[in-house]
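Me: I have a structure in front of me and want to learn how to read it. Can we go through some features one by one?

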Amino acid sequence: MRNIQLAKRYHQIKNRLFFVNLLLNILALLFMGLSGISVYFKALLLRISPQFLVANALYAIGFVVFFTILGFPLNFYEGFVLEHRFNLSNQSLLNWLKDGAKGFVLSLVIILVGVEGLYLFLRKFPATWWLWATGFWLFLTVVIARITPTFIIPLFFKYRKLEKVNLKTKIFELLDKCQLKVKDIFYLDFSSKTKKANAFICGLGGNRRLVLSDTLLEKFNDPEIVEVVAHELGHYKHHDIAKLILANSAISFLSFFLISRILQSALLYFGFSHIDDIAFLPFLGLGFLLLGLVALPLTNAFSRHLEKGADRFCLTLTQDPENFMAMMKKLGELNLADFSPHPLIEIFLYDHPAIAKRIKFAEGFGK
């Protein structure tokens with residue numbers, strides 16, 4: 001009973017923080033755009049370098065630094081204080097700050113590439129920039145997916161090869177059934193940062209890896225781990241990574257298109273004359289943020305649909321609903337999940353079905 005109350009309290013706080021952070025970003029973007037700070041900042045940068053790409057890059061860096069500083073108190077509370085308060089973190093403050101610095105640099109590089117690409121298209125192709133931007137976003141997403149196993153994950157965790165012979169044998173039997181070839185099975189030192197457990201298949205093509213967390217290996221027995229792996233194999237067999245990339249690209253396409261339809265009117269309304277004016281970035285960012293917010297229930301609904309399909313695949317493959325239910329219960333308790341969130345919260349914020357629903361699905365499987 002105490003764990004249920006703790007989980008409810010934990011997620012109530014996280015949900016409130018989500019909306020507070022959202023409101024803070026909306027207000028900050030409006031303030032930057034309406035106060036004239038964005039125009040002043042661009043003018044200052046043009047004195048440093050009148051070159052289009054250089055000025056845009058400097059603006060993007062300043063933009064990221066500003067929002068990083070603005071969001072730091074909330075990020076610190078949610079990522080460090082709250083996790084320690086609910087006994088979910090093993091990380092020291094210094095290590096948390098180191099990870100934050102790595103994440104900042106990584107985000108800066110991605111945003112810098114994205115902003116430079118977007119504004120290059122706005123300048124070169126003012127009538128069709130939204131088509132070029134969609135293609136570029138799809139390309140960037142695929143590149144990130146490919147480099148995640150070999151570059152991004154090692155920035156934060158250490159890979160180790162799985163040594164448990166019996167478990168490896170069972171997992172390779174599943175892999176053979178699903179015709180998935182991997183060089184080896186790896187686990188990550190999650191316990192250096194968190195008490196939570198996870199497993200996933202990441203990467204594309206020959207870069208694909210099956211990864212478990214050491215917390216999963218420590219807290220779960222072999223049949224339960226087999227259920228976790230079988231679920232992840234469901235994502236592989238159903239091509240869910242590709243489906244998610246395409247779905248996100250479709251939403252990006254629609255967002256770019258809608259922004260393009262209102263951009264000229266918005267430019268005139270806010271006193272801008274050129275579509276490729278970097279000082280207009282706060283308004284562009286606000287547009288993408290609001291459209292993303294509108295699309296969030298749809299993207300989460302699609303993700304929950306894929307997760308249910310992976311659960312069904314898992315249960316069909318293993319024919320072991322008892323261990324599936326035991327695994328889900330243990331995973332939820334370990335991760336301090338809210339087993340039965342409010343339906344509106346689930347619709348809006350959950351990209352996985354509620355654990356109580358997944359357990360109920362397993363109970364009725366095959367009956």
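Reply: Let's start with a cysteine. Cys-178 is buried, with a relative accessible area of 2%. Keep in mind that this is a predicted model.

Me: What makes 2% count as buried for Cys-178?

Reply: Buried means under 20% relative accessible area. Cys-178, at 2%, is therefore buried.

Me: How far is the sulfur of Cys-178 from the closest cysteine sulfur?

Reply: The distance is 10 Å, and the partner is Cys-314. That is too far for a bond. A disulfide needs the two sulfur atoms within 2.5 Å. Cys-314 is in no disulfide either, as its nearest cysteine sulfur is that of Cys-178, 10 Å away.

Me: Is Cys-314 buried or exposed?

Reply: Buried, with a relative accessible area of 0%.

Me: How many disulfides does the structure hold?

Reply: Zero.

Me: Let's turn to charges. How many salt bridges are there?

Reply: Start with the general idea. Side chains of opposite charge can pair when their charged atoms come close. This structure holds twelve salt bridges. Take three of them, beginning with Lys-8 and Asp-338, whose side chains meet at 3.0 Å, N to O. This pair links distant parts of the chain, 330 residues apart. Lys-8 sits in helix α1, and Asp-338 in the loop between α11 and α12.

Me: Which are buried and which are partly exposed, Lys-8 and Asp-338?

Reply: Lys-8 is partly exposed, with a relative accessible area of 30%. Asp-338 is buried, at 10%.

Me: Where does the salt bridge of Asp-311 and Arg-358 sit in the chain?

Reply: Asp-311 is in helix α10, residues 281-318, and Arg-358 is in helix α13, residues 355-363. The two are 47 residues apart, and the pair links distant parts of the chain. Their side chains meet at 2.8 Å, N to O. Both residues are buried.

Me: And what separates Glu-333 and Lys-329 in helix α11?

Reply: About one helical turn, because they are four residues apart in that helix. The closest N and O atoms of this salt bridge are 2.7 Å apart. Glu-333 counts as partly exposed, at 40% relative accessibility. Lys-329 is also partly exposed, at 44%.

Me: Back to α10 for a moment. How far apart are Ala-310 and His-238 in sequence and in space?

Reply: They are 72 residues apart in sequence, and 7.8 Å apart in space, C-alpha to C-alpha. Ala-310 is found in helix α10. Ala-310 is buried, with a relative accessible area of 0%.

Me: Now helices. How do I check the span of helix α3?

Reply: Compare the expected span with the distance between the end C-alpha atoms. At 1.5 Å a residue, the 34 residues of α3, 52-85, should span 50 Å. The end C-alpha atoms are 47 Å apart, which agrees.

Me: Where does α3 kink?

Reply: At Phe-72, by about 50°. The proline Pro-73 comes shortly after.

Me: What happens at the ends of α3?

Reply: Gln-51 caps the N-terminal end. A side-chain oxygen of Gln-51 lies 2.9 Å from the backbone nitrogen of Leu-53. Just after α3, Asn-87 takes a positive phi of about 55°.

Me: How does the span check turn out for helix α5?

Reply: It falls short. α5 has 24 residues, 129-152, but its end C-alpha atoms are only 30 Å apart. A straight helix would reach 34 Å at 1.5 Å a residue. Now look for a bend. α5 bends by about 40° at Arg-146, and Pro-149 follows within four residues.

Me: Which residues of α5 are buried?

Reply: Among them are Trp-129, Trp-130, Leu-140, Pro-149 and Ile-152.

Me: Last, the strands. Why is strand β4 largely enclosed?

Reply: Count its buried residues. Four of the five residues of β4, 209-213, are buried, so the rest of the structure largely encloses the strand.

Me: In which sense do β2 and β3 pair with β4, parallel or antiparallel?

Reply: Strand β2, residues 185-188, pairs with β4 in the parallel sense over four bridges. There, Ile-185 stands opposite Leu-210. Strand β3, residues 199-202, pairs with β4 in the antiparallel sense, also over four bridges. Here Cys-202 stands opposite Arg-209.

Technical notes. Residues are numbered from 1 along each chain as its sequence is written. This is a predicted model: local features need pLDDT of at least 70, side-chain atom pairs count only at pLDDT 80 or more; totals for chains, interfaces and linings use all residues. Side-chain values use heavy atoms; hydrogens and water are left out. Buried means under 20% relative accessible area, exposed over 50%, partly exposed in between (1.4 Å probe, protein chains only). Two strands pair if DSSP finds at least two bridges between them. The expected span of a helix is 1.5 Å times one less than its number of residues. The bend at a residue is the angle between axes fitted to the seven residues ending there and the seven starting there. A polar contact is a pair of N or O atoms within 3.5 Å; within protein, one must be able to donate a hydrogen and the other to accept it, and residues adjacent in sequence count only if both atoms are side-chain atoms. A salt bridge is a side-chain nitrogen of Lys or Arg within 4 Å of a carboxyl oxygen of Asp or Glu.
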